[in-house]
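Grab a pencil and work through the exercises below with the model open beside you. Try each task before you read its solution.

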Amino acid sequence: MKKIEIVTRPERLVGLKEVLASHNCQGMTVYSVMGCGRQKGYLPEMNFTGDDINLLPKIMAFVVVEDEMTEDILTDIAAVIGTGKNGDGKIFVMDVVDAVRIRTNERGFDAIE
């Protein structure tokens, strides 16, 4: 299993949910976060030249998927939420060793289906 974490602009959430639904992802978790990356929190149209860091609103979503689905999901996420501009975000992929559904004690991928 893989955990996919996506950090992107809040207005990209609708497209992200559509991508995950099209891959029959059983659930996702979304956080409202603040952050900045290479652009230090300033959009190109702001014409910023200083060294300060400004935090912009972002969303961070994560989903756990089967290993075989990972590449297709990553490709589709990047195609749908990417604009080609600074601030589009990042996708992180991590291995998940195990999962447990507390209610039934199911383990592994059965716990997240």
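**Exercise 1.** Is Arg107 buried or exposed, going by its relative accessibility?

*Solution.* Start with the cut-offs: buried means under 20% relative accessible area, exposed over 50%, and partly exposed in between (1.4 Å probe, protein chains only). Arg107 comes out at 52%, so it counts as exposed. Next, look at what its side chain does: Arg107 meets Asp98 in a salt bridge, at 2.3 Å from N to O. A salt bridge here is a side-chain nitrogen of Lys or Arg within 4 Å of a carboxyl oxygen of Asp or Glu. Finally, check the partner: Asp98 has 32% relative accessibility and counts as partly exposed.

A quick note before you go on: this is a predicted model, where local features need pLDDT of at least 70 and side-chain atom pairs count only at pLDDT 80 or more, while totals for chains, interfaces and linings use all residues. Residues are numbered from 1 along each chain as its sequence is written, and side-chain values use heavy atoms, with hydrogens and water left out.

**Exercise 2.** Work out how the protein chain is laid out and how confident the predictor is in it.

*Solution.* First, count the elements: there are 2 helices and 4 strands. These are DSSP runs (helices: H or I, at least four residues; strands: E, at least two), numbered from the N terminus. Reading along the sequence gives you β-α-β-β-α-β. Then turn to pLDDT, the predictor's confidence in each residue, from 0 to 100. The chain averages 88, and 86% of the residues score at least 70. Among the elements, strand E4 (residues 90–95) has the highest mean, 97, and strand E2 (residues 29–35) the lowest, 93. Keep one habit in mind: where pLDDT is low, predicted coordinates should not be read in detail. As for burial, 32% of the 113 residues count as buried.

**Exercise 3.** Which parts of the chain does the pair Arg9 and Asp88 tie together?

*Solution.* Begin with the contact: the side chains of Arg9 and Asp88 form a salt bridge, 3.9 Å from N to O. Now place the two ends: Arg9 sits in the loop between strand E1 (2–8) and helix H1 (13–22), and Asp88 in the loop between H2 and E4, so the pair links parts that are 79 residues apart in sequence. Check burial too: Arg9 is buried at 16% relative accessible area, and Asp88 counts as buried at 15%. Right beside Asp88 in the numbering, have a look at Gly87, which is in the loop between H2 and E4 and counts as buried at 13%. Its C-alpha atom is separated by 9.7 Å from that of Gly35, with their positions 52 residues apart along the chain.

**Exercise 4.** How many salt bridges does the structure hold, and what is the N to O distance for Lys3 and Glu5?

*Solution.* The total is 5. For Lys3 and Glu5, the closest N and O atoms are 3.1 Å apart. Compare the two ends: Lys3 is partly exposed, with a relative accessible area of 22%, whereas Glu5 is buried at 14%.

**Exercise 5.** Find the residues that gather in a patch of negative charge on the surface, then follow Asp67.

*Solution.* The members are Glu66, Asp67, Glu68, Asp110 and Glu113. The patch rule takes residues with over 30% relative accessible area and no salt bridge, and joins like charges within 9 Å. Asp and Glu count as negative, and the place of the charge is CG of Asp or CD of Glu. Now zoom in: Asp67 is in the loop between strand E3 (56–65) and helix H2 (70–81), and is partly exposed at 40%. Lys2, in strand E1, lies 65 residues away from Asp67 in sequence, yet their C-alpha atoms are 5.8 Å apart.

**Exercise 6.** Where are Asn24 and Asn105, and what are their phi values?

*Solution.* Take Asn24 to begin with: it is in the loop between H1 and E2, with a positive phi of about 55° although it is not a glycine. Asn24 counts as exposed, at 60%. Asn105 lies in the segment after E4, and its phi is near 70°, also a positive value in a residue other than glycine. Asn105 is exposed as well, at 58%.

Terms used. Patches are made of residues with over 30% relative accessible area and no salt bridge: like charges are joined within 9 Å, nonpolar side chains (Val, Leu, Ile, Met, Phe, Trp, Tyr) within 5 Å. Accessible areas come from the Shrake-Rupley method with a 1.4 Å probe; for residues, only the protein chains shown count as cover.
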